[in-house]
Amino acid sequence: MILSIISILIEMVGILIISKYGVPNKRLYDSVTLNSTLDKKESTKIFVMSQYGLILLVIGFSLQLFSLTLAVL
């Protein structure tokens, strides 16, 4: 039960990060860096943060599957 709650909180943080920085897309990232007024450091930060958000979603989903498996056994 606690593991499920923790995984939902992790997923919520991941969703907040993705909603702020967008979904990671390498082709979009390359075109934005070429045509952007943002400096290289800022555009890299946006891309990395969006990847962190996606990673948090995957970790949260995996924890939910693991807690469900533990509950069934």
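Hi everyone, this is a short tour of two helices, H1 and H3, in a predicted model.

A word on the ground rules first. Residues are numbered from 1 along each chain as its sequence is written. Because the model is predicted, local features need pLDDT of at least 70 and side-chain atom pairs count only at pLDDT 80 or more, while totals for chains, interfaces and linings use all residues; side-chain values use heavy atoms, leaving out hydrogens and water.

Let's start with H1, residues 2-21. Helices here are DSSP runs of H or I with at least four residues, numbered from the N terminus. The expected span is 1.5 Å times one less than the number of residues, so the 20 residues of H1 should cover 28 Å, and the end C-alpha atoms, 29 Å apart, agree with that.

Which residues of H1 are buried, meaning under 20% relative accessible area with a 1.4 Å probe, protein chains only? They are Ser 7, Glu 11, Gly 14, Ile 17, Ile 18 and Tyr 21. Seen down the axis, these fall within an arc of 120° (taken from the directions from the helix axis to the C-beta atoms), so they line one face of H1. On the other side, Ile 2, Leu 16, Ser 19 and Lys 20 are exposed, that is, over 50%. Part of the cover over the buried residues comes from helix H3, 40-72. After H1 comes Gly 22, with a positive phi near 90°.

Now to H3. Its 33 residues reach 48 Å from first C-alpha to last, close to the expected 48 Å. Among its buried residues are Phe 47, Gly 53 and Gly 60. Ala 71 also sits in H3, but is exposed at 64%. The C-alpha atoms of Ala 71 and Met 1 are separated by 8.3 Å, though the two residues are 70 apart along the chain.

Notes. Helix = DSSP H or I, 4+ residues; strand = E, 2+ residues; numbered from the N terminus. Contact = heavy atoms within 4.5 Å.
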